[in-house]
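User: I am new to this structure. Please take a close look at the strand pairing, then show what else can be told along the chain.

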Amino acid sequence: MTRLVAPHRRYQESYLTATDEFLASGEQRDGDGDWVQEPEPGYAGFTFTREGLRDPEEFGRFVDLRRRARDEDAPRRRGWTPVTFLWMVTGDEYVGSLAIRHRLTERLLEEGGHIGYSVRPTARGHGHATRALGRALALAHGVVDRPRVLVTCLESNLASRAVIERNGGRYEDSRGAVRRYWIPTRPG
């Protein structure tokens, strides 16, 4: 059964294996956040690498950064919103990432939405994304504090379109190559 959990060090090995799958596929990994953010005035930035994340201490720093990103007072780039990062797991295996962005910025309104997610290539076709998005809608009810959230996908991503529509997504429009849907949040 697919669960949504806060990022944790115990998933290091399967997270890195999934990272290798994404790198080999050349696909964008949504819902996982950036590995590199350049410093700017008042913000130190960070850099993580696949090789660096093999080190348990560095992976722990990465996990801590992901967990703290939800806090209003966490350091972040100017104009960025707090985000709750969650990992999809089955048993002790990482199968994907999901992010609940607390507010919409101008860019997120156009193409990112409130919720982004990705499932590792070898774990697709088992309903992980559908179940994770459904659970995230209940969490978003309290986090986003809105009756509905924006979820987007590429026009070409038929699987993601199906996930969004199975969870009640109402198509609003397409902007370039991005489809935009609104989905009611669900009280937990």
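Analyst: Two strands pair if DSSP finds at least two bridges between them. Strands (E, at least two residues) and helices (H or I, at least four) are DSSP runs, numbered from the N terminus. The model is predicted, so local features need pLDDT of at least 70 and side-chain atom pairs pLDDT 80 or more, while totals for chains, interfaces and linings use all residues. Residues are numbered from 1 along each chain as its sequence is written, and side-chain values use heavy atoms, with hydrogens and water left out.

Start with strands S8 (residues 170-175) and S9 (residues 178-184). They run antiparallel and share five bridges. One contact sits beside the turn: arginine 175 has valine 178 in S9 as its bridge partner. Two residues separate the strands, giving a hairpin. Glycine 176 lies in that turn, with a positive phi of about 70°.

Now take strand S5 (residues 93-101), which pairs with S4 and with S6. Strand S4 (residues 83-90) is joined to S5 by eight bridges, again antiparallel. S4 and S5 also form a hairpin with two residues between them. Here glycine 91 is in the turn, and its positive phi is about 60°. Across the pair, threonine 84 stands opposite isoleucine 100 of S5.

Isoleucine 100 has a bridge partner in S6 too, namely isoleucine 115. Strand S6 (residues 115-119) and S5 are antiparallel, with five bridges between them.

How covered are these strands? Burial goes by relative accessible area: buried is under 20%, exposed over 50%, and partly exposed in between (1.4 Å probe, protein chains only). In S5, eight of the nine residues are buried, so the strand is mostly covered. S6 has five of its five residues buried, so the rest of the structure largely encloses it. Both of its faces are covered. Ile115, Tyr117 and Val119 are buried on one side, and Gly116 and Ser118 on the other.

Helix H2 (residues 56-68) offers a contrast in cover. Leucine 65 belongs to H2. With a relative accessibility of 30%, leucine 65 counts as partly exposed. Its C-alpha is 9.9 Å from that of phenylalanine 85, 20 residues away in sequence. Arginine 68 is in H2 as well. At 37% relative accessibility, arginine 68 is also partly exposed. Between the C-alpha atoms of arginine 68 and arginine 120 there are 24 Å, with their positions 52 residues apart in sequence.

Further along comes helix H4 (residues 128-143). Its expected span is 1.5 Å times one less than its number of residues. For the 16 residues of H4 that gives 22 Å, and the end C-alpha atoms are 22 Å apart, which agrees. H4 is kinked by about 25°, centred on leucine 137. The bend at a residue is the angle between axes fitted to the seven residues ending there and the seven starting there. Buried residues in H4 include His128, Leu133, Leu137 and Ala140.

Just after H4 comes aspartate 145, with a positive phi of about 55°. Most residues other than glycine have a negative phi. Aspartate 145 sits in the loop between H4 and strand S7 (148-154). Its relative accessibility is 64%, so aspartate 145 counts as exposed. Its C-alpha is separated by 26 Å from that of valine 89, 56 residues away along the chain.
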